[in-house]
Amino acid sequence: MTGPDWDGLVRHIRETADDELSCSECFDLLPQYVDLEVAGQPAETTLPRLRQHLDRCGVCREEYETVRELARLEAEDRPPSIDDLRNSL
Amino acid sequence: MKPRTNAEWLSALKATGAEQAAALEDLRVFVLRAALFALRRSRGNLGLMSPAEINQLAEDCAQESLLAIMQSLDGFRGESRFTTWVYSFAVNTALVAARRERWKRVPLDRLIEETHPGASAGWRAPALADPDRQTLQAETLAVIREVIDRDLSVRQRQALKAVVLEGVPLDELARHWGSNRNAIYKLLHDARRKLKACLAERGISVDDTLGLFGAER
């Protein structure tokens, strides 16, 4: 950490909405959002408040990115094998 | 493993005997895969943990996720693939565990520090070469600090400093305070709304201030 992330704070302030989803609501909607994205559907316009939450919440965003990677591999019928994952730790 | 539709997953997991046992065995493959995948992706948070320890952590996360999934089956609304829904449980559990591992030795009390009015004066911003930009940065920072010190509650100040300025994960701060992620997010949301309103009242355009604090770092 090089110092306080003031630029990040200003971005957060700019993008603040009056009504934002909670992390639990994000968790509930996340699988639908990911599947829409993986299917090439307009996830951002279908679930705009979820996108807004992901842009504000680092932990939810990290989880979203990981689920999206897994769902992509699953949809392409090449999910990583348990053995390969264990061997690459 | 035989591919299943959403309905087939639900039916098999809610069945009894051999049918349910087979479905649980298959489900375990999905959650363990997701836990291992998430922990490997988050390897930087796991410090000196050996591969064997990470593997054990993944097994623990998979077990915890399996229980949570079975308890939540009636909440599956069918708006996604069942496997994507399952992945979201295991990824959440694994990444929360990885963040806990990364932050467990960090003294959050000292990092958050305090919080009395005026404390934000010690939070430094980078110097800028352009005098006009430096002036705008100073004006913006003065307003932000004033609002932080005058209008935010102690908890809001602490959460803002920890999560937004210092990068402490929301769930780690929640754990530290015996709270939950939703409550911390709400605390931060209220603080951001207050800051946004006060900057607008002072006629400061947030768009104009973007880049003033990080571009030359």
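**View 1. His189(B) sits in helix H9 of chain B.** This is a predicted model. With a relative accessible area of 7%, His189(B) falls under the 20% cut-off, so it counts as buried. What does His189(B) contact, leaving aside its neighbours within four places in sequence? The partners are Thr16(A), Ala17(A), Asp18(A), Asp19(A) and Glu20(A). Two of these, Asp19(A) and Glu20(A), return in later views.

**View 2. Helix H9 of chain B covers residues 181–201.** The helix has 21 residues. At 1.5 Å a residue it should span 30 Å, and its end C-alpha atoms are 30 Å apart, so the two values agree. Next to its start stands Asn180(B), a side-chain oxygen of which reaches to within 3.1 Å of the backbone nitrogen of Asn182(B). After the helix comes Gly203(B), whose phi is positive, near 75°. Many side chains to look for along H9(B) are buried ones: among them are Arg181(B), Ile184(B), Tyr185(B), Leu188(B) and Ala191(B). Further along, Arg192(B), Leu195(B), Cys198(B) and Leu199(B) are buried too.

**View 3. A salt bridge joins Glu20(A) to Arg192(B).** Side chains of opposite charge can pair when their charged atoms come close. Here the closest N and O atoms are 2.8 Å apart. The pair crosses between chains. Glu20(A) lies in the loop between H1 and H2 of chain A, and Arg192(B) lies in helix H9 of chain B. Are these two residues buried or exposed? Both Glu20(A) and Arg192(B) are buried.

**View 4. Arg49(A) and Asp19(A) form a salt bridge within chain A.** Their closest N and O atoms are 3.1 Å apart. The pair links distant parts of the chain, 30 residues apart. Arg49(A) is in helix H4 of chain A, while Asp19(A) is in the loop between H1 and H2. Arg49(A) has a relative accessible area of 40% and is partly exposed. Asp19(A) reaches 56%; this is over the 50% cut-off, so Asp19(A) counts as exposed.

**View 5. Chain A meets chain B across a shared contact.** How many residues does each chain bring to the contact? Chain A gives 53 residues and chain B gives 63 residues. Between them the chains bury about 5,300 Å². Carbon and sulfur atoms hold 65% of that area. In chain A, Trp6(A), Ile13(A) and Leu89(A) lose the most area to chain B. Together these three make up 16% of what that side buries.

**View 6. Polar contacts and salt bridges run between chain A and chain B.** There are eight salt bridges between the two chains. There are also 23 residue pairs in polar contact, counted where both residues have pLDDT 80 or more. Which helix of chain A gives the most to the side that touches chain B? It is H5(A), with 13 residues. The helices that each supply at least two residues to this side include H1 (6–14), H2 (23–38), H4 (48–56) and H6 (82–87) of chain A. By class, this side of chain A has 26 nonpolar, 11 polar and 16 charged residues.

**View 7. Five charged residues are linked in a network of salt bridges.** From chain A come Glu62(A) and Glu63(A). From chain B come Arg99(B), Asp171(B) and Arg181(B). Arg181(B) is one of the buried residues of H9(B). Over all chains, the whole structure holds 26 salt bridges.

**View 8. Arg202(B) pairs with Glu146(B) in a salt bridge.** The N to O distance is 2.6 Å. The pair links distant parts of the chain, 56 residues apart. Arg202(B) is in the loop between H9 and helix H10 (206–209) of chain B. Glu146(B) is in helix H6 (residues 131–150) of chain B. Arg202(B) is partly exposed at a relative accessible area of 40%. Glu146(B) also counts as partly exposed, at 30%.

**View 9. Arg28(B) lies in helix H2 (residues 17–41) of chain B.** Its relative accessible area is 33%, between the 20% and 50% cut-offs, so Arg28(B) is partly exposed. Not counting residues up to four places away in sequence, Arg28(B) touches Glu59(B) and Leu66(B). The side chains of Arg28(B) and Glu59(B) make a polar contact at 2.4 Å. Ala62(B) is 34 residues from Arg28(B) in sequence, yet the two are 7.0 Å apart in space, C-alpha to C-alpha.

Notes. Residues are numbered from 1 along each chain as its sequence is written. Chains are lettered from A and ligands numbered from 1 in the order in which they are written. This is a predicted model: local features need pLDDT of at least 70, side-chain atom pairs count only at pLDDT 80 or more; totals for chains, interfaces and linings use all residues. Side-chain values use heavy atoms; hydrogens and water are left out. Helices (H or I, at least four residues) and strands (E, at least two) are DSSP runs, numbered from the N terminus. The expected span of a helix is 1.5 Å times one less than its number of residues. Buried means under 20% relative accessible area, exposed over 50%, partly exposed in between (1.4 Å probe, protein chains only). A polar contact is a pair of N or O atoms within 3.5 Å; within protein, one must be able to donate a hydrogen and the other to accept it, and residues adjacent in sequence count only if both atoms are side-chain atoms. Contact means heavy atoms within 4.5 Å. Buried area is the accessible area (1.4 Å probe) that two parts lose on being put together, summed over both. A salt bridge is a side-chain nitrogen of Lys or Arg within 4 Å of a carboxyl oxygen of Asp or Glu.
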